[in-house]
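Q: Hi! I have a protein model open and would like some help finding my way around. Could we go through it together?
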Amino acid sequence: MERLLALVTMLALAGCGDSDEVQEMKRIRDENLARYATISKSSAVDDGCLIGNKVDRKELALNSAYEIRNAPNGEKKYNPVASEALKRPYYYQIDTSTTVEQKCADGDWTLVKITSPTWLADREGWAPNIVFRNIERSSDGARIYVDTDLYWDEHSSPYKRSIVAKINEISRETRCREIQPDTIAMSPTRSLPGRPVFFVTCGTGAGAFNVWFEPN
């Protein structure tokens, strides 16, 4: 852009002369003006999408884990903090415990920003559309969870169907509207033989709290 402004200034000083030098400067000026106009128009349409096109900012859930990329089919986004701690290369990842917001789209790829958990809310990257799915909500706006949204272990897996129903009940009927789906676990202190008690964490930070429940 600075070069273009300099050319325009020089042409203004040169007046209306038709020398070869002036004609060449006019040609370069016109080419740069056309290129700049195209870039400006493209930026206005994309509204911040350096790659692809702007899309509705819809929240999405994940079908599976995926290491996000710098661009469609691009390199994985390197996580320097985790790599230093683990002493091996580590990359930013989204998984079924993550909720994301779509920002831009390019063919079979979508640029997303993490919305939950909130401590990862500044992370964004590209992933193929196949790893995403829509989030269903009840009539009052509460999220409807499915089994792929939740974390399962050897204690919770036998009660999967009942726990999914309980989690949706907690989301719908309590003040817990931000369930941390990877925190479901059996309570070692409240469980009895043949009568397990589970808990899930609601919210984040200082306002987080646990809700205990029996799957049956």
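The chat below goes through cysteine links, strands and one threonine.

A: Happy to help! Keep in mind that this is a predicted model.

Q: Good to know. How many disulfides does the structure hold?

A: There are two disulfides in the structure. If you number the bonded cysteines in sequence order, they pair as 1-2, 3-4.

Q: Let's take Cys49. Which residue does Cys49 form a disulfide with?

A: Its partner is Cys104, and the two sulfur atoms are 2.1 Å apart. The pair links distant parts of the chain, with their positions 55 residues apart in the numbering. Cys49 sits in the loop between helix H2 (20–46) and strand S1 (53–54), while Cys104 belongs to strand S5 (residues 99–106).

Q: And why is that disulfide of Cys49 and Cys104 called left-handed?

A: The torsion about its S-S bond is about -90 degrees, so the link between Cys49 and Cys104 is left-handed.

Q: Are those two cysteines buried or exposed?

A: Cys49 is buried, because its relative accessibility is 6% and the cut-off is under 20%. Cys104 counts as buried too, at 4%.

Q: OK, what does Cys176 join to?

A: Cys176 is joined to Cys202 by a disulfide, with 1.9 Å from S to S. Cys176 is in the loop between helix H4 (160–173) and strand S9 (179–186), and Cys202 is in strand S10 (residues 198–202), so the link ties together parts that are 26 residues apart in sequence. This link is left-handed, with -100 degrees about the S-S bond. Both of these cysteines are buried.

Q: You mentioned S9 and S10. What sheet are they in?

A: They belong to an open sheet of three strands, in the order S9-S10-S11, with antiparallel pairing. S9 and strand S11 (209–213) are the edges; each has a single partner strand, so one side of each has no neighbour in the sheet. From one strand to the next, the twist averages 25 degrees.

Q: How many bridges join S10 to S11?

A: Five bridges join them. You can find Cys202 here again, standing opposite Phe209 in S11.

Q: Quick basics check: what do strands of a sheet pair through?

A: They pair through backbone hydrogen bonds, and the pairing can be parallel or antiparallel.

Q: Back to S5, then. Which strand does S5 pair with over seven bridges?

A: That is S6, and the two pair in the antiparallel sense. S5 and S6 form a hairpin with two residues between them. In the turn, Gly107 has a positive phi of about 65 degrees. Asp106 has Trp109 in S6 as its bridge partner.

Q: Why is S6 described as largely enclosed?

A: Strand S6 (residues 109–116) has eight residues and six of them are buried, so the rest of the structure largely encloses it. Five bridges also join S6 to strand S7 (residues 124–128), and these two run antiparallel. One bridge pair to look for is Val112 with Gly125 in S7.

Q: Last one: where does Thr99 lie, and what does its side chain make a polar contact with?

A: Thr99 lies in strand S5. Its side chain makes a polar contact with the side chain of Arg143, at 3.0 Å. Thr99 is buried, with a relative accessible area of 6%. Leaving out residues up to four places away in sequence, Thr99 touches several residues, including Glu59, Leu60, Ile135 and Arg143. Among the others are Lys113, Ile114, Thr115 and Ser116.

Q: Thanks, that gives me plenty to look at!

Technical notes:
Residues numbered from 1 in each chain as written. Predicted model: local features only at pLDDT ≥ 70, side-chain atom pairs only at ≥ 80, totals over all residues. Heavy atoms only, no water. Disulfide = S-S within 2.5 Å. Helix = DSSP H or I, 4+ residues; strand = E, 2+ residues; numbered from the N terminus. Buried < 20%, exposed > 50% of the residue type's maximum accessible area, 1.4 Å probe, protein only. Pairing = 2+ DSSP bridges. Axes fitted to C-alpha atoms, helices over the stretch in contact; angles between N-to-C directions. Polar contact = N/O pair within 3.5 Å; in protein donor to acceptor, adjacent residues only side chain to side chain. Contact = heavy atoms within 4.5 Å.
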